[in-house]
Amino acid sequence: MRIWLDDDPERDPPTTWTIARTADDAIRLLSSNETVEVISLDRDLEDQRLDPYPREITGEDVVRWMVVNKVFPKFITFTATTTTAESVWFWIYNSCRRQM
């Protein structure tokens with residue numbers, strides 16, 4: 001499966017991707033029994049709240065969930081600023097190092 005997280009209905013994924021319009025949708029897909037080959041994460045998700053977070057969530061929160069639950073697609077893309085992308089890779093790298 002290929003997951004495309006983007007809340008903007010103007011941006012649709014290629015036909016071979018599964019759309020997730022919310023972080024909850026993306027996490028549900030990641031939790032399924034299907035192998036996720038690729039996930040493309042939008043950073044800014046318009047005014048979404050992910051329980052139990054009382055603040056606006058982002059694609060970074062999906063990455064945090066992946067790290068905590070040790071669910072890693074083969075490839076991750078992130079539409080974000082360089083700083084955000086660096087922090088995401090830092091979380092994943094440190095998670096993998098702790099498992100060694």
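Which residue in S3 is the bridge partner of isoleucine 3? The partner is isoleucine 39. The legends below describe views of a predicted model.

**View 1. The chain as a whole contains 3 helices and 4 strands.** Read from the N terminus, the order of the elements is β-β-α-β-α-β-α. The chain has 100 residues, and 39% of them are buried. About 6200 Å² of surface is accessible, and carbon and sulfur atoms account for 52% of this surface. Taking the contacts between residues at least 6 apart in sequence, 51% link residues at least 24 apart.

**View 2. Strand S1 pairs with two strands, S3 and S2.** The pairing of S1 with S3 is parallel and has 4 bridges. Two of the residue pairs can be picked out here: isoleucine 3 is matched with isoleucine 39 of S3, and arginine 2 is matched with valine 38 of S3. The pairing of S1 with S2 is also parallel and has 3 bridges. In this second pairing, leucine 5 has alanine 20 of S2 as its bridge partner.

**View 3. Strand S3 is mostly covered, with 5 of its 5 residues buried.** In a regular strand, side chains alternate between the two faces of the sheet. In S3, Val38, Ser40 and Asp42 point one way, while Ile39 and Leu41 point the other way. Residues of both sets are buried.

**View 4. Serine 40 is a residue of strand S3.** Is serine 40 buried or exposed? Its relative accessible area is 9%, and the limit for a buried residue is under 20%, so serine 40 counts as buried. Apart from neighbours within four places in sequence, serine 40 is in contact with Ile3, Trp4, Leu5, Trp17 and Thr77.

**View 5. The largest nonpolar core holds 19 residues.** Which members touch the most other members of this core? They are Ile3, Leu5, Leu30, Ile39, Leu41, Val62 and Val63. At least two residues of the core come from each of these elements: strand S1 (2–5), helix H1 (23–31), strand S3 (38–42), helix H2 (59–69) and strand S4 (75–79). Isoleucine 3 and isoleucine 39, the bridge partners of View 2, are both among the members that touch the most others.

**View 6. Helix H1 has Ala23, Ala26, Ile27 and Leu30 as its buried residues.** These residues lie on the same side of H1, because they cover an arc of only 95 degrees around the axis. Among the elements that cover the buried residues of H1 are S1, strand S2 (18–20), S3 and H2. Leu30 also belongs to the core of View 5.

**View 7. Helix H2 has buried residues that include Gly59, Glu60 and Asp61.** The other buried residues of H2 are Val62, Val63, Met66 and Val67. Val62 and Val63 are also among the core members that touch the most others. After H2 comes lysine 70, which has a positive phi near 55 degrees.

**View 8. Aspartate 25 and arginine 28 form a salt bridge in helix H1.** Side chains of opposite charge can pair when their charged atoms come close. Here the N to O distance is 2.7 Å. Why are the two residues about one helical turn apart? They are separated by about one turn because they are 3 residues apart in H1. Aspartate 25 is partly exposed, at 25% relative accessibility, whereas arginine 28 is exposed, with a relative accessible area of 53%. Elsewhere, Asp6, Asp8, Arg11 and Asp42 are joined into one network by salt bridges that share partners.

**View 9. Aspartate 8 and arginine 11 form a salt bridge.** Their closest N and O atoms are 3.5 Å apart. Both residues count as partly exposed: aspartate 8 has a relative accessibility of 23%, and arginine 11 has one of 39%. Both belong to the network that includes Asp42, a buried residue of S3.

**View 10. Arginine 21 and aspartate 12 form a salt bridge.** The closest N and O atoms of this pair are 2.6 Å apart. Arginine 21 is partly exposed, with a relative accessible area of 24%. Aspartate 12 has a relative accessible area of 52%, and since the limit for an exposed residue is over 50%, aspartate 12 counts as exposed. The model has 7 salt bridges.

Note on methods:
Residues numbered from 1 in each chain as written. Predicted model: local features only at pLDDT ≥ 70, side-chain atom pairs only at ≥ 80, totals over all residues. Heavy atoms only, no water. Core = buried A, V, L, I, M, F, W, Y, C linked by side-chain atoms within 4.5 Å. Buried < 20%, exposed > 50% of the residue type's maximum accessible area, 1.4 Å probe, protein only. Contact = heavy atoms within 4.5 Å. Areas by Shrake-Rupley, 256 points an atom, 1.4 Å probe, with all protein chains shown as cover. Salt bridge = Lys/Arg side-chain N within 4 Å of Asp/Glu carboxyl O. Pairing = 2+ DSSP bridges. Arc of directions from axis to C-beta.
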